[in-house]
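Colleague: Please walk me through this model. Keep it brief.

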Amino acid sequence: MLSAWRDATARRPWRISAKLLIISSVVTVIGFSAICVNVMLDMRRGEEALARQTLKNLATSIDADISRNIDIYDLSLKAVASNMLLPEINTVSKPIRQLILFDHATTAKHFGAIQVFDADGNLTIDASTLDPVPDNRGTEDYFSVHRDNPNVGLFISRPMLFRSAYSIVLSRRLSDTDGGFMGVVAGSIRFTYFHELFERLSLDPEDTITVLKRDRTIMMRRPFDLDIIGRNLNDSQRWKADNLRVGGSFAGQGPVDPTARLYVRSSDTGPLFVVAGKPLSAVFALWQKEALRIGGVVLVLALFVLGSAIVLAREIGRRADAESKLEEMATTDALTGLRNRRKFDHVIDIEWRRAMRQETQVALLMIDADHFKGYNDTFGHQAGDQVLVGIAICISDSVRRPGDCAARYGGEEFAVLLPNTSATDAFKVAETIRAKVLGWSDGGAGSTVSCGIASLAPTSGMDSAILVAAADKALYAAKAGGRNQSVVASLPKLSLVA
């Protein structure tokens, strides 16, 4: 089987080359495509990393600004809470009390006036006026939380309408020297501060900035939406706190709207933290353009390579077919369709060496048409050619194994090479051929054949000419014995047995 494959490969080198060309082209295209995909994925990761760093810097800077203003305002609340413990604070006049309490208080257009409420929640002091309008805030969360818990420290309320403006309220507890509850000092930061802060930033329309409390209550968001302000993300069933850890990032659909974004959270250095978001479509917009451009170029090149490979493979196939036809013409007898003498000499050399390596027998039949010269002279060359064609058909019908070789040896003489065949089996084949020719002759051709058979296992130092000579000698014996018979050569003495 292996030798047959080698012979087939030797006969079809261009077909193998065509397959290798197509396979190598496909492998090359796949390899370059894999490289391009890897490069594009690296570019995508680079774009995401750059966007993540940009958002982190943005969130950090906003967080720092908010924390600084809250700290400044908290210092004013602490100062008021400390001054309220002065013994003379309730004995001085209202103008002097205002100076003592609020002289060092921070003032800004976005900061509301600081107010002081007593233990019952009644407004007692207002930094904006000497005579505040009576008001009670005992039910507000920024009051009750300090009344019920003395260790709250600075408390930041939920976004609310405070003194006719949407604000967040900052408050601290007022305690006496014994730690008893005296009331609350409170102030506010209006939403206008956040609006002005966000307007100073260069942001795309779909970019988001969200300011949250530590309990994940949304304090402010850009773009601004009152329906979202004050919502606690812990109440969202499709959003988990682990999605966005401190200083981390998250890519996907957020808790507020369905737009997929890259979110980056600032570190928790203050009472509030900031989350900056950018749509993934904007993050990867430039990358998508480059990916489409590179992908298009690679696709065109891949189609060109594959198309060229197919065209070349087709041309190689045509050349292989032409060479096969030429080889067939060069190794086939034009009259009988059997192998010619040149092909026979090549095959017997190969099979002889193979039999020598494998230590097997190889048999040879030498077949000659009886009285052919006289028939040819009597009926003409055309009739003689018909006899040779008929004998060739009988031989082809009797020799069917893939490794056997039937050839026109010369003139009216034929040869049949039978690898791995004993003399007995070869004799049976010869008799089959002779009987078929005899049967065909009875139909009107008027010709018989004589067969000489030789079979041996070649050894080192032997040549295939020995086999040919033995079969030829057996053929002459068949002719001398009266023709229309088969004779086997007896080896090694080459004595003849009819």
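Modeller: Here are the ground rules, then your questions.
This is a predicted model, where local features need pLDDT of at least 70, side-chain atom pairs count only at pLDDT 80 or more, and totals for chains, interfaces and linings use all residues. Residues are numbered from 1 along each chain as its sequence is written, and side-chain values use heavy atoms, with hydrogens and water left out.

Colleague: Which helix gives the most to the largest nonpolar core?

Modeller: A nonpolar core is a set of buried Ala, Val, Leu, Ile, Met, Phe, Trp, Tyr and Cys residues joined through side-chain atoms within 4.5 Å. Buried means under 20% relative accessible area, exposed over 50%, partly exposed in between (1.4 Å probe, protein chains only). The largest such core has 56 residues. Its top contributor, with 12 residues, is helix α2 (residues 13–83); helices here are DSSP runs (H or I, at least four residues), strands likewise (E, at least two), numbered from the N terminus.

Colleague: How many residues apart in sequence are the parts tied together by Arg-163 and Asp-126?

Modeller: Their side chains form a salt bridge at 3.3 Å, N to O, the rule being a side-chain nitrogen of Lys or Arg within 4 Å of a carboxyl oxygen of Asp or Glu. Arg-163 lies in the loop between β4 (160–162) and β5 (165–175), and Asp-126 in strand β2 (residues 123–126), so the separation is 37 residues.

Colleague: Is Arg-221 buried or exposed?

Modeller: Arg-221 pairs with Asp-257 in a salt bridge, with 3.1 Å between the closest N and O atoms. Its relative accessibility is 5%, so Arg-221 counts as buried.
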